[in-house]
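User: I'm new to protein structures and would like a close look at a single part. Please pick a spot where some residues are tucked away, and walk me through what surrounds them.

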Amino acid sequence: MTETEQRFGEFVVVRRHGHVAELVLDRPKAMNAVSSELARSLGAACAALGAARDVRVTVLTSTHARAFCVGADLKERNSLSDAELVRQRPTARAAYAGVLELPMPTIAAVHGYALGGGFELALACDLIVADPTAVVGLPEVSVGVIPGGGGTQLLPRRVGAARAAELVFTARRVAAAEAAALGLVDQLVDEGADRDEALALAGRIAANSPVGLRAAKRALRLGHGLDLRAGLEVEDAAWRSVAFSGDRAEGVAAFNEKRTPQWPGE
């Protein structure tokens with residue numbers, strides 16, 4: 001049940017479901033195309049979520065029935081001069097970075113089109129839940145640009161360098177079944193169930209220690225791509241940050257007392 005709702009500008013809403021936050025793309029008339037206004041609002045919403053210590057998991061969703069997000073607002077881009085495009089770039093980057101840098105686990109609930117910047121928003125999340133209508137891809141080279149929301153870096157981390165190169169260079173769209181087979185999405189659920197299943201998954205994750213979840217995410221993110229010795233040092237630093245926490249003490253006590261933990265979140 002939704003407990004609270006906060007709007008950031010016209011196109012982004014944050015809904016709270018207990019310790020789960022739902023970050024909603026709400027520009028249905030444009031299939032959530034990322035305009036400058038939507039980008040600013042998304043960045044602001046992510047900043048607020050990042051500062052909310054009681055949020056344990058964030059789920060990124062869409063209000064449009066046929067699209068998660070179709071990417072950059074090309075109509076707006078077509079109206080910008082070169083100088084205006086340069087000035088707009090930090091706003092766009094901040095939106096994608098805002099999702100990528102959320103300190104808690106994040107899940108994208110994808111249906112319909114998730115293309116270009118829309119797929120990059122999903123790739124910025126830790127997990128992607130999709131339904132059979134999902135169509136994903138990074139088609140930027142087909143319009144004379146390249147992925148600019150992290151796609152060239154996030155996609156190879158998911159599927160490997162050669163597979164990412166094929167997808168970026170061909171600009172092809174990938175339907176849900178193939179996307180699941182290639183690892184472009186993590187879970188394929190029944191049609192229309194992506195949001196509900198993502199929120200259910202978030203609820204299961206949110207039952208765990210908030211301190212532990214954030215530390216585990218840091219270790220996973222910072223350690224990726226490092227050699228094993230360096231990665232283990234990252235893990236050790238994250239372990240030390242939780243080993244003497246209130247959550248660790250409560251978790252051990254609850255286990256021994258055979259009860260549900262009441263996490264202090266510190």
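Analyst: Let's sort out one word before we zoom in. A residue is called buried when its relative accessible area is under 20%, exposed when that value is over 50%, and partly exposed in between. Keep in mind that this is a predicted model. By that yardstick, 47% of the 266 residues of the chain count as buried.

A little background on the whole chain helps. It holds 11 helices and 11 strands. Its radius of gyration is 19 Å, close to the 18 Å that the globule rule gives for 266 residues, so the chain is as compact as a globular protein of that length. The C-alpha atoms fill a box of roughly 60 × 45 × 40 Å along the principal axes. Take the contacts between residues at least 6 apart in sequence: 66% of them join residues at least 24 apart. Keep that in mind, as our spot brings together residues from separate stretches of the chain.

Now for the close look. Our starting point is Ser35, in the loop between strand E3 (20–25) and helix H1 (36–50). Is Ser35 buried or exposed? Its relative accessible area is 4%, which is under the 20% cut-off, so Ser35 is buried.

What does Ser35 have around it? Setting aside neighbours within four places in sequence, Ser35 is in contact with Phe11, Arg27, Asp73 and Glu76. Its side chain also has a polar atom that lies 3.2 Å from the backbone nitrogen of Leu38.

Follow one of those partners, Asp73. You'll find Asp73 in another loop, the one between strand E5 (67–69) and helix H2 (74–79). With a relative accessible area of 10%, Asp73 is buried too. Leaving out residues up to four places away in sequence, Asp73 touches Arg27, Ala33, Val34 and Ser35. Its side chain also reaches a backbone nitrogen, that of Glu76, at 3.1 Å. Glu76 is itself on the contact list of Ser35.

Arg27 turns up among the contacts of Ser35 and among those of Asp73. Arg27 also lies over the face of Phe11, at 5.1 Å from the ring centre. Phe11, in turn, is one of the residues that Ser35 contacts. If you click through Ser35, Asp73, Arg27 and Phe11 on screen, you can trace these links yourself.

One more thing about the loop where we started. Met31 sits in the loop between E3 and H1 as well. Met31 has a positive phi of about 50 degrees, even though it is not a glycine. What makes that worth a second glance? Most residues other than glycine have a negative phi.

Another residue in the chain does something similar, and it makes a nice side trip. Ala171, also not a glycine, has a positive phi of about 60 degrees. Ala171 is found in the loop between H6 and E10, and comes just after H6. With a relative accessible area of 14%, Ala171 is buried.

The helix before it shows how burial can be arranged around an axis. In helix H6 (residues 161–170), Ala164, Leu167 and Val168 are buried. These three cover an arc of only 95 degrees around the axis, which puts them on the same side of H6. The general pattern behind this is handy to remember: an α-helix has 3.6 residues a turn, so residues three or four places apart point the same way. The buried residues of H6 pack against helix H5 (151–159) and strand E10 (174–175). On the face turned away from that buried side, H6 carries the exposed residues Ala162 and Phe169.

For contrast, finish with an aromatic residue out in the open. Phe244 lies in the loop between helix H10 (228–243) and helix H11 (246–257). Its relative accessible area is 68%, which is over 50%, so Phe244 counts as exposed. A search of the whole structure finds 1 aromatic pair. That pair is Trp239 with Phe244, set edge-to-face, 6.4 Å centre to centre with 75 degrees between the planes.

So there's your close-up: Ser35, buried at 4%, with Asp73, buried at 10%, among its contacts.

Technical notes. Residues numbered from 1 in each chain as written. Predicted model: local features only at pLDDT ≥ 70, side-chain atom pairs only at ≥ 80, totals over all residues. Heavy atoms only, no water. Phe/Tyr/Trp six-rings, centres within 6.5 Å; stacked < 30°, edge-to-face > 60°. Buried < 20%, exposed > 50% of the residue type's maximum accessible area, 1.4 Å probe, protein only. Lys NZ or Arg CZ within 6 Å of the ring centre and 35° of its normal. Helix = DSSP H or I, 4+ residues; strand = E, 2+ residues; numbered from the N terminus. Arc of directions from axis to C-beta. Contact = heavy atoms within 4.5 Å. Polar contact = N/O pair within 3.5 Å; in protein donor to acceptor, adjacent residues only side chain to side chain. Rg over C-alpha atoms; globule rule 2.2 N^0.38 Å.
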